[in-house]
Structure formats: C-alpha cells, structure tokens
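Trainee: Could you take me through the aromatic residues in this model, up close? I'd like to see how they sit in the fold around them.

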Amino acid sequence: MSIPLSILDLAPIRPGGTAAETFNESVQLAQSAEAHGFSRVWYAEHHNMASIASSATSVLIGHIANHTKSIRLGAGGIMLPNHSPMVIAEQFGTLETLFPGRIDLGLGRAPGTDQLTFQALRRDPRASDAFPHDVLELQAYLGSESRIEGVNAYPGQGTNVPLYILGSSLFGARLAAQLGLPYSFASHFAPDALVQATTAYRNEFRPSEFLAEPYVIAGVGIVAADTNAEAHQIMEQVRRDRIQMFLGRNRPVPFTEAEIDMLLDSSHGENILHMLKYTAVGDGATVAQYLTEFAKTAQADELITVHNSSSATQRLSSVEITAKAMNLSA
C-alpha cells in the first residue's frame with residue numbers, strides 16, 4: 001500500500017484574481033482530492049496577506065464541507081495564540097456537529113502573521129507562551145469535562161475533534177510527544193529541522209487515550225505534470241511567483257521580470273527559495289519516487305502535499321497525476 005496523501009490548500013489569490021475565484025478553486029481542489037483518494041484537505045490561518053484567502057479558516061472549512069461528501073477537512077492550522085480556546089472549541093464543535101467524522105483541528109503556536117497585524121488581532125505578545133496550556137484547555141472543551149468549572153463549549157463538548165500539533169521546530173515535536181498527539185511538520189516551507197524534529201517526536205512519544213503510537217505527517221511540495229520538462233517549466237514560474245509574493249509584498253508596483261532575475265540570485269532570494277527544498281518536480285513516476293524516498297527521510301506516516309502551480313488548471317492536473325502515480329483509490 002502507498003503512503004496516505006493529503007493536501008494543504010493555501011487558498012492562493014492569483015495575480016489579478018479575487019477571493020471569490022479562489023474559493024471556487026478550493027472547492028474544485030477538494031472535490032478532486034475526494035475523487036482521487038486523498039485522505040484530507042487542510043487550510044491554514046494567515047492574516048494580512050493579499051495573496052492568501054484562508055484567514056477565516058473555520059468558515060472556509062464549512063464552505064468546502066458543504067460541497068464535498070466524505071473527505072476529511074480541517075485546519076493546518078489554527079494559530080491558537082490568536083484565539084480563545086473556548087471560541088475555537090465552539091467553532092470546530094459546530095463543524096463536527098454539522099459534518100460528523102470529517103473534521104480535524106491542527107494547532108500552531110506562531111501568530112501566522114507579522115507583529116503589527118498581531119497587535120491588530122488584539123492579542124498579547126506573550127500569548128504563545130501559554131500554547132501548551134491552551135491546547136489542554138481546548139482539548140478539555142472538546143471532551144467530556146472542562147478544565148474551568150462551570151464553563152463549557154456548546155457546541156463542542158463531547159465532539160472529541162481530533163487535535164494535531166503543527167510545528168517547524170523541536171518545541172512542537174516535544175509537546176506533541178508529551179501530550180500523545182499526532183505531529184505535523186511544516187517541511188513544505190521550513191525544511192531545516194525536519195529529521196531532528198520527527199526523530200525527537202518518535203523517541204519521546206508517550207501513548208495517550210487519543211493515540212497509542214506516534215503518528216507523523218510531513219509537508220512536501222509537488223509540481224507534477226505530463227513530462228519532466230513541463231514540470232520544471234512550471235516550477236520555474238513557481239520560484240518567480242514566490243519571490244514576487246515575499247519580497248514584493250508591500251510594493252505598490254510588482255517587480256519586473258528583470259528585477260526578479262536579479263532577486264533570484266540574491267541572498268534574500270536564496271533564503272526564500274530554500275523554503276521549496278522539499279518539492280517533488282516531474283512526471284508521475286518521478287514524483288512517486290521522490291515522495292517514497294521523502295517519506296522515509298521524514299519518518300512520515302502520511303504526507304500532506306502542497307501542489308504549487310501558477311494556475312488552477314495546473315494544480316488540478318498535478319493532483320490527478322500524483323494520485324495515479326501513487327496508486328491512490330477513491
């Protein structure tokens with residue numbers, strides 16, 4: 001059997017596009033994932049980013065759930081320092097009540113934005129320090145007994161929405177191990193500590209009522225096309241788009257192609273492109289070989305894939321080619 005594959009949909013707003021178009025593309029992606037045998041689709045919380053439309057993560061999950069039938073959907077993740085654990089329990093308890101057995105809740109410690117936006121969210125800069133406590137409080141709201149006497153989440157109580165700890169460092173790995181929860185490593189954009197973190201998680205894992213054995217999900221980028229040449233051509237545009245998105249974020253006028261050429265070879269450009277280190281690029285056979293080897297390197301039980309592309313059509317094609325190459329079945 002092939003390793004389970006899932007999808008992280010970053011809900012990109014393409015240049016000249018709209019959030020409404022992105023939501024339609026996200027529906028099509030989730031429907032394709034469901035039809036081709038992917039295990040789940042997750043959406044990430046980001047704020048103040050004009051190129052990403054998943055800021056209201058729980059609302060988007062509900063929308064996608066209404067347009068799919070069986071695939072699991074969830075947050076990859078909710079940035080818990082931005083929220084009250086009770087509010088998140090109510091939101092995801094509602095989702096689980098509406099779509100029973102289909103909802104996941106991945107939790108991250110980072111704010112998912114810059115410091116100025118963090119202040120606009122009305123959060124305390126020290127909120128991330130309380131992350132372990134907040135995870136336990138949230139878990140209790142979703143369980144049978146709240147940690148705060150007389151305070152319960154309705155809906156939420158008794159829904160037992162499964163929690164996943166997300167991270168890109170040893171902190172999240174060790175917390176997930178200590179709490180006996182599954183761990184998802186963000187190697188699709190933070191590749192450096194992958195092996196160190198997954199090794200620490202497996203070595204330090206303590207079984208819990210929620211999970212008997214460690215379970216690792218690792219993020220990986222994919223650009224799959226009919227031929228290797230086509231895939232590498234798409235990947236080149238992905239690299240250029242990534243430079244434009246990160247280095248041109250606050251510019252009133254986009255970079256010219258000549259400026260992007262210069263930035264690709266700069267130290268800033270190299271740092272940004274390093275985020276794409278773990279990306280499978282090629283035809284189906286090439287991608288399948290890469291994913292198989294990557295799963296071994298990451299010590300992963302499941303891969304969550306980010307299908308990088310410059311168009312919605314290319315992204316759907318990448319999903320279909322990958323599913324066929326990895327022998328997924330609906």
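Mentor: Here is the aromatic part, with some background on the chain before it and a few backbone oddities after it.

A word on ground rules: this is a predicted model, so local features need pLDDT of at least 70 and side-chain atom pairs count only at pLDDT 80 or more, while totals for chains, interfaces and linings use all residues. Residues are numbered from 1 along each chain as its sequence is written, and side-chain values use heavy atoms, with hydrogens and water left out.

Let's set the scene. The chain has 12 helices and 9 strands; these are DSSP runs, helices being H or I over at least four residues and strands being E over at least two, numbered from the N terminus. Its radius of gyration is 19 Å, close to the 20 Å from the globule rule for 330 residues, so the chain is as compact as a globular protein of that length. That radius is taken over C-alpha atoms, and the rule is 2.2 Å times the number of residues to the power 0.38. Along the principal axes, the C-alpha atoms fill a box of roughly 60 × 50 × 40 Å.

Of the 330 residues, 53% are buried. Buried means under 20% relative accessible area, exposed means over 50%, and partly exposed is in between, with a 1.4 Å probe and protein chains only. As for contacts (heavy atoms within 4.5 Å), take those between residues at least 6 apart in sequence: 73% of them join residues at least 24 apart.

Now the rings. The whole structure has 6 aromatic pairs. To pair, rings of Phe, Tyr and Trp (its six-membered ring) need centres within 6.5 Å; planes under 30 degrees apart count as stacked, over 60 as edge-to-face, and the rest as tilted. Start with tyrosine 183 and phenylalanine 185: their ring centres are 6.3 Å apart and their planes are at 65°, so this pair is edge-to-face. Tyrosine 183 has 0% relative accessibility, so it counts as buried, and phenylalanine 185 is buried too, at 1%.

Compare that with tyrosine 290 and phenylalanine 294, an aromatic pair that is stacked, with 6.4 Å from centre to centre and 10° between the planes. These two are about one helical turn apart, because they are 4 residues apart in helix α11 (residues 284–298). Tyrosine 290 counts as partly exposed at 26% relative accessibility, whereas phenylalanine 294 is buried at 4%.

Back to the edge-to-face pair, which has company: Tyr183, Phe185, Tyr201 and Phe205 form one aromatic cluster. You can reach that cluster from another direction, through alanine 177 in helix α6 (residues 170–179). Leaving aside neighbours within four places in sequence, alanine 177 is in contact with Tyr201, Glu204, Phe205 and Arg206; Tyr201 and Phe205 are members of the cluster. Alanine 177 is at 0% relative accessibility and therefore buried. Its C-alpha atom is 8.2 Å from that of alanine 200, though the two alanines are 23 residues apart along the chain.

One more tyrosine deserves a look, this time for its backbone. A cis peptide bond joins tyrosine 154 and proline 155, with omega at about -10°. Proline 155 is in the loop between α5 and β5 (163–167). That loop also holds asparagine 160, which has a positive phi of about 50° although it is not a glycine. Helix α5 itself (residues 131–142) includes aspartate 134, which counts as buried because its relative accessibility is 13%. Beyond its neighbours within four places in sequence, aspartate 134 is in contact with Leu80, Pro85 and Ala127.

While you have the backbone on screen, check two other spots. Glycine 76 and glycine 77 are joined by a cis peptide bond as well, with omega at about 5°, and glycine 77 lies in strand β3 (residues 72–79). Asparagine 48, which is not a glycine either, has a positive phi of about 60°. You'll find asparagine 48 in the loop between β2 (40–43) and α2 (57–66), and with a relative accessible area of 54% it is exposed.
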